[in-house]
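Student: Please take me through this model, and let each label be justified by the value behind it.

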Amino acid sequence: MPTLDTAETKEKIVQIQRAISAMQYLSSGTLLKRTKICGNPRCHCARDPAARHGPYYEWSYLKGGRLHHRTLTPKQAELMRLAIRNYRKAKKLLRTWEAHTQRLIEFNAPE
Ligand SMILES: [Zn+2]
């Protein structure tokens, strides 16, 4: 039943398009949560790991083949975490879309 398979494939593509269009935040890169030692030997952070400053959020991303880092506020980090999660999800969806496209091409333009 090639007709049914085509319809199913088209429906899968529509589902992917819906999932992607529901996304707003999208970003590559990775997010790190870190704490810092200020360097003042009299500060609590010098001895106590729990008294270190922060947390600070660092977003690392590739741009022009080079790795860049940016410090984010906790609120920015929260949105960035969502953006990175969406990016990974979108990449997976695009790969699936590619596979469905190959199937559609074979259905619509057989050898
Ligand atoms: Zn300190």
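**Gly-54 and its surroundings**

Tutor: Let us begin with contacts: apart from its neighbours within four places in sequence, Gly-54 is in contact with Arg-34, Thr-35 and Lys-36. The model is a predicted one.

Student: What makes these residues contacts of Gly-54?

Tutor: Two residues are in contact if their C-beta atoms, placed from the backbone, lie within 7 Å. Arg-34, Thr-35 and Lys-36 are in contact with Gly-54 on that criterion. A separate value, taken between C-alpha atoms, is the 9.2 Å from Gly-54 to Ile-37, 17 residues along the chain.

Student: Is Gly-54 called buried or exposed, and why?

Tutor: A residue is exposed if 12 or fewer other C-beta atoms lie within 10 Å of its own. Gly-54 has 12 such neighbours, so Gly-54 counts as exposed.

Student: Where does Gly-54 lie, and what is the peptide bond that follows?

Tutor: Gly-54 belongs to strand E2, residues 53-63, and Pro-55 is also placed in E2. The bond from Gly-54 to Pro-55 is cis, with omega near 10°. In general, most peptide bonds are trans.

Student: How do you know that E1 and E2 pair, and in which sense?

Tutor: Pairing requires at least two bridges between the strands. E1 and E2 have six bridges, so they pair, and the sense is antiparallel. Within this pairing, Leu-31 stands opposite Trp-59, and Leu-32 stands opposite Glu-58.

Student: Why are E1 and E3 placed at the edges of the sheet?

Tutor: The sheet is open, with three strands in the order E1-E2-E3 and antiparallel pairing. E1 and E3 (66-72) each have a single partner strand, so one side of each is left without a neighbour in the sheet. On average, neighbouring strands are turned by 30° against each other, direction ignored.

Student: What makes E1 hardly covered?

Tutor: Burial needs 20 or more other C-beta atoms within 10 Å. Among the seven residues of E1 (residues 30-36), the count of buried residues is zero. Helix H2 (residues 74-108) nevertheless lies across E1, E2 and E3, running at about 150° to E1.

Student: How does the radius of gyration of the protein chain stand against that of a compact globule?

Tutor: A compact globule of 111 residues would have a radius near 13 Å, whereas the protein chain has 23 Å. The C-alpha trace spans about 75 × 25 × 20 Å along its principal axes. Buried residues make up 3% of the 111 residues.

Definitions and conventions
Residues are numbered from 1 along each chain as its sequence is written. This is a predicted model: local features need pLDDT of at least 70, side-chain atom pairs count only at pLDDT 80 or more; totals for chains, interfaces and linings use all residues. Helices (H or I, at least four residues) and strands (E, at least two) are DSSP runs, numbered from the N terminus. The radius of gyration is taken over C-alpha atoms; the globule rule is 2.2 Å times the number of residues to the power 0.38. Axes are lines fitted to C-alpha atoms, for helices over the stretch in contact, and angles run from 0 to 180 degrees between N-to-C directions.
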